[in-house]
Every structure is written in structure tokens, then in C-alpha cells.
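User: Could you walk me through the salt bridges here? I'd like the reasoning along with each result.

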Amino acid sequence: MKLLYLILFMVLTVFNAYGQEAIVWEFPTKAGVYSSLAADENCIYIGSNDSCLYALNKKSGQLKWKFRTNGQLRSTPLIYNESVIFNSTDGNVFSLRKSDAHLQWTFKTNGEKSYDLWDYYISSPVCSENKIVIGSGDGNVYAIEPDSGKLIWKFKTNGIVHATPLVNNNKVYIGSYDGVFYALNAKTGQPIWQFKTVGNAYFPKGEIQKGAAIYKQSVIFGCRDYNIYALDIETGRGLWNIVEKGSWVIATPLVSQDAIYVGTSDTHRFNILQARTGDLKHSFPLNMRVYAEAVSYKNEIIFGCFNGKLYSLNPANAEIQQIFQTKGSKKNYYTIYGQNDAFKESFSLYGNDVEASEKKILTLGSILSTPFIEQGIAYFGDSNGVIYALRLK
């Protein structure tokens, strides 16, 4: 009996070390979840690479319904009145009645496409002034009537548009893989100004992969040319840029209290920047990349990492800590990392078989999903297809 109690104590100690006692519920899908979620009073709505949109009860995680498409769901759904609107890699935008998943309309684009192995997301729908605005792999930015799915306008870029639009003051701000950041008239789709990224020797196009944020009179975004840019929101002129040497900046910046919080790709860092000037205030080393946007919760910044860990950052004392580790990360972490948290000599992230290395990283339950936090519960998915509801301390 004493031995049984000892074993039980050891098991509970291990679980507590990784915060597993804080799991409210978890729900398995059949493929990776890179999508972030939308929520109403009772349910969360989230897509999976298994082609399904899921409606889950917030409190229990119980499945309310699921709706299957012919493509992967790699973006954030939008709740509009009593509908949920979302994008699929099958080239369609769907509107469902959120109570029972009844299909209300489908908007067909000219088709989706993937840029490369690290093109993990597609554009998410945004609603403004009775328009759904969304980008597409066909190179267009579309404005759609939300009740009927009819086209209002479209604007053609010269590259894939997987960034999520930022709509502010009757303007649409969005970047493209053509390396241009656009400001469009939200009513007509006509261009107001555009800004071409600098590019660099390795990535001359300066592709813009994800979304932007606003700080006062500036719009801020990251790029594959290693830069973070701040542009004048009215004219598109550059205000500042900083170079993250050797790394893309994919994550959409979080702006909070005059600071920018953003993760990096290959330099494996999480940075705090001065929002007015771009000056680096703090930098925190990690051992893998961050693509998902950070979120502010109470006095902390919460973000996920490709290593399958969720982190909490306290800006007041510049301290960072791991608060959760996915099941996949706990199981597979030491197949990739050594005891010093660095890559094993036998593992190369960009070696002879890049695709195999990337697949191995994803077995960690990488967190590409931006956490949604409500009443102390963080909801997010991982690359092994698990959706978590986690109680934060």
C-alpha cells in the first residue's frame, strides 16, 4: 500500500510540474490545429487540418457539431450575428448557422495555394461596415456581403494573400507575398497607398505572411526579409524598421501599453520593442520559433511556441516562464532536444531532409494557434490535433 501511494505521489508530482492539473478539458481532432478560435457565450468554434470546423461546449469540451469541407481549416473563424464564417484551403469561404451548422452560403475564390512548407496559415475573415474582408491564395483581397455571400469588390495583388486584413477607419491594411503592404478603401477596394518591403539577398521579395497591428498613427507588421516595419497609417511612409538578423518575423505583433510583443522564426526569440521607435527593450531566448500572436491577460503576455510549450511573460519584471507543455511535447521532446534544451547533434532543422525535420518538430504538439482567454481559461490547439482548455493560475 505504501508503494502504491508513493507511485501515485510521483505521478501527481510530474503532472503538476507541467501544469497538467490545470487542464479543464481536451478534445482530439484527426489532424493538426493551426487555427485560432472564435467564441460566443456557450461555444468555441475552431478549425482543424482534418477539414472540419468544430463547435465545442466551452465548459465541457463536448462536441455540439462539426462541418466538413474539402480542405484544411488554417485560419480563425468569424462570428457574425447568428452565423460563423470561415475560410478553407479548398478555395471556399463558408457561412454556417452557428446553432446547427446549416450551410447558408458559399463564396468561391479562384482557388487556394500554398507558398512553401512554412506557409502554415490562410487568411481569416474580418467584418467591418457590413462587409466580410478576406485574403486568398489566388492573390485577391475580397469584400463579401455577409448575409448573402455575394461579392462587393475585389483587389488583385501579385502574390498569395494569407495575411488577415486589418480594418480601421474605413481602410483595409493587408500584406501580400508579393512583398507589398497595401492600404485599400474599405468601401470600394481602391488602393490608397502601398509600401514595398526592402527584401534581402535570401528573400528578395520581402514576403508578408501574416497580419498587422496599429499603434497610434502607425501600422506595424513583420516580414520574411528579417524586418519589422512601422508605417505612417495615413501616407504609408516608413517611420522605422528593425532587422532581426537571420530570421523571418511571421507572428502578428501584439501592441500593448506602448510596447510591441512579437516572436521570431529562426533566431528563436521573443522580443519586446518600444512601439514608438522600434528600439529593443528585452529579448528572451527560446529553442524554437514563434508564429502565433501573443495575447495580453491581466498583467502578463501569453504565447505559444513550436516546441509545444505555452509561456507567460511578466513585462513588469521582464521574467518569462513555461506554464504548460502539450502531451506531444512531453512525449517527444527528448527525441529532438538534449537535456540542455538545445537540438541534439543527430537532429538538423534545415538539413538534407527539411520536410522530415519539420514533421518531426510538429510531433511536439507545436502551438501555432493563438490562445483565446476568457474567465481565466485559455483555449488553443496544437499540431497533433488536440484542442485544450487550460485554467491559468
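**Salt bridges**

User: How far apart are N and O in the salt bridge of Glu 82 and Lys 98?

Analyst: Happy to help! This is a predicted model, where local features need pLDDT of at least 70, side-chain atom pairs count only at pLDDT 80 or more, and totals for chains, interfaces and linings use all residues. Residues are numbered from 1 along each chain as its sequence is written, and side-chain values use heavy atoms, leaving out hydrogens and water. A salt bridge puts a side-chain nitrogen of Lys or Arg within 4 Å of a carboxyl oxygen of Asp or Glu; for Glu 82 and Lys 98 the N to O value is 3.8 Å.

User: Is Lys 98 buried or exposed?

Analyst: Buried means under 20% relative accessible area, exposed over 50%, and partly exposed in between (1.4 Å probe, protein chains only). Glu 82, at 55%, counts as exposed. Lys 98 has 10% relative accessibility, so this residue counts as buried.

User: Which residue is linked with Glu 82 and Lys 98 in a network of salt bridges?

Analyst: Glu 82 and Lys 98 pair with each other. The network that links these two also includes Asp 40.

User: What is the relative accessible area of Arg 224?

Analyst: Arg 224 forms a salt bridge with Asp 116, their closest N and O atoms being 2.6 Å apart. Asp 116 is partly exposed at 22%. Arg 224 is buried, with a relative accessible area of 1%.

User: How many salt bridges does the count come to?

Analyst: Another pair is Glu 374 with Lys 58, at 2.3 Å from N to O. By the 4 Å rule, the count comes to ten.
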